Amino acid sequence: MRIVLLGAPGSGKGTQAKLLIEKYKIPQISTGDLLRAEVAAGSELGKRAKAAMDAGSLVTDDVVLGMIQNRLAKPDAKSGFILDGFPRNIPQAQALDAMLARLGQPLQLALLVDVDKDVLMKRITGRRTCSKAECGAIYNIYFSPPKVQNKCDKCGASLSHRSDDNEATVGKRLEVYESQTSPLVAYYKAQGKLRTVKGEGPMPVIFKNMCDIIETQIRPLAAVMGRIDAVAAARERAAAKAKAKEAAAARAAAKAAKAKAAAASKPKTKLATPAKKPAKPVKAAKKPAKPAKKAVKAKPKAKPKAKKAK
Ligand SMILES: [Zn+2]
């Protein structure tokens, strides 16, 4: 199954993606992870990416697509993938479609995890993390508050609030997301590949809804693809049979030709044919014989009659 995941920061799509890769045994392809891996490996694409980042510019789409293509060639991506964080705009989506089409592995589903904006805001701005690094417990003052305000339930340490998780910054991030994603939503909708799951409520329920969508959207498609494959295989078998038949016929023809050639090389049969030729002059000789007979017949009849009349 080949899936693109769409969802705002705070939509929980990252958590859902982890559950999906566990259930369906397909890798999650995150362009951020790919970038770091390629740069660390010092590959050709990694060098180009690093040069762009060092120059303070964005890594170009062809570098990102090249990395994705390399990643798709690995054996664990044989039965599919979940793309997260890419594409982010229409040109990237089109380039991705073109690349996947070349690989014969088109996207099957664009799954949007949809969460209302005010809920997203509360999820992000209400986030609190235990300040003790080795604990790292996460809370939300709106949805999963600690028992004692600002104190970790597990270790009693104080909770910290990321400075960029304030309303103004989050609002801007959500706006950027909105302006990037709505054209993509329209793009995949036009392709008939967009499905939306409501990303609110208990996590297991959201996950189940996602799986239901995946199974109704992709399984029948897989079944159809299976039938198409079966038809193609049958056609291939028939073609192979016809080819074998042709080859057998060609062998038989070659054998016959060989036999004929062998027969022709025998001198006795060749002599037999010239003997037939003298028969033709005999037939031709019969034709002149007819007028000769008429002439012979006409003369004796005419002459005696004429003489008798005079
Ligand atoms: Zn703690």
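This report describes a predicted model of one chain, from its overall make-up to its sheet, helices and core.

## Overall make-up and confidence

The chain holds 10 helices and eight strands, and buried residues account for 19% of its 310 residues. Of the contacts between residues at least 6 apart in sequence, 67% join residues that are at least 24 apart.

The average pLDDT of the chain is 84, with 82% of the residues scoring at least 70. Two stretches have a pLDDT below 50: over residues 282–287 the model shows zero contacts beyond near neighbours in sequence, and over residues 292–310 there are likewise zero contacts beyond near neighbours in sequence. Where pLDDT is low, predicted coordinates should not be read in detail.

## The five-stranded sheet

Five strands form an open sheet in the order E2-E3-E1-E4-E8, and their pairing is parallel. Strand E2 (28–30) and strand E8 (194–198) are the edge strands, each of them pairing on one side only. From one strand to the next, the twist averages 25°. Helix H1 (residues 13–24) packs on this sheet, where it touches E1, E2, strand E3 (81–84) and E4, and its direction makes about 170° with that of E3.

Strand E1 (residues 2–7) and strand E4 (residues 109–114) run parallel and are joined by five bridges. Within this pair, leucine 5 stands opposite leucine 111 in E4, while glycine 7 stands opposite valine 113 in E4. Five bridges also join E4 to E8, again with the two strands running parallel, and here alanine 110 has leucine 194 in E8 as its bridge partner. E4 is mostly covered, five of its six residues being buried.

## The nonpolar core

In soluble globular proteins, nonpolar side chains tend to be buried together. The largest nonpolar core of this model has 38 residues, and those with the most contacts inside it are Leu5, Ile82, Leu83 and Leu111.

Leucine 111 can be followed further: if its neighbours within four places in sequence are left aside, leucine 111 is in contact with Ile3, Leu5, Leu6, Arg195, Val197, Met210 and Ile213. Leu5 thus appears among the contacts of leucine 111, and leucine 5 is also the residue that stands opposite leucine 111 across the pairing with E4.

## Helix H4 and its surroundings

Helix H4 (residues 61–72) has 12 residues, which at 1.5 Å a residue should span 16 Å; its end C-alpha atoms lie 16 Å apart, so the expected and modelled spans agree.

The buried residues of H4 are Val63, Val64, Leu65, Met67, Ile68 and Arg71. What covers these buried residues includes the edge strand E2 together with helix H2 (31–41), helix H3 (44–54) and helix H5 (90–102).

## Tyrosine 24 in helix H1

Tyrosine 24 lies in helix H1, the helix that packs on the sheet and touches E1, E2, E3 and E4. Because tyrosine 24 has 17 C-beta neighbours inside 10 Å, and a residue is buried at 20 or more and exposed at 12 or fewer, tyrosine 24 counts as partly exposed.

Tyrosine 24 also illustrates how positions distant in the chain are brought together in the model: tyrosine 24 and cysteine 211 are 187 residues apart in sequence, yet their C-alpha atoms are 9.5 Å apart in space.

How values were computed. Residues numbered from 1 in each chain as written. Predicted model: local features only at pLDDT ≥ 70, side-chain atom pairs only at ≥ 80, totals over all residues. Core = buried A, V, L, I, M, F, W, Y, C linked by C-beta atoms within 7 Å. Contact = placed C-beta atoms within 7 Å. Pairing = 2+ DSSP bridges. Helix = DSSP H or I, 4+ residues; strand = E, 2+ residues; numbered from the N terminus. Axes fitted to C-alpha atoms, helices over the stretch in contact; angles between N-to-C directions. pLDDT = per-residue confidence, 0-100. Expected span 1.5 Å × (residues − 1).
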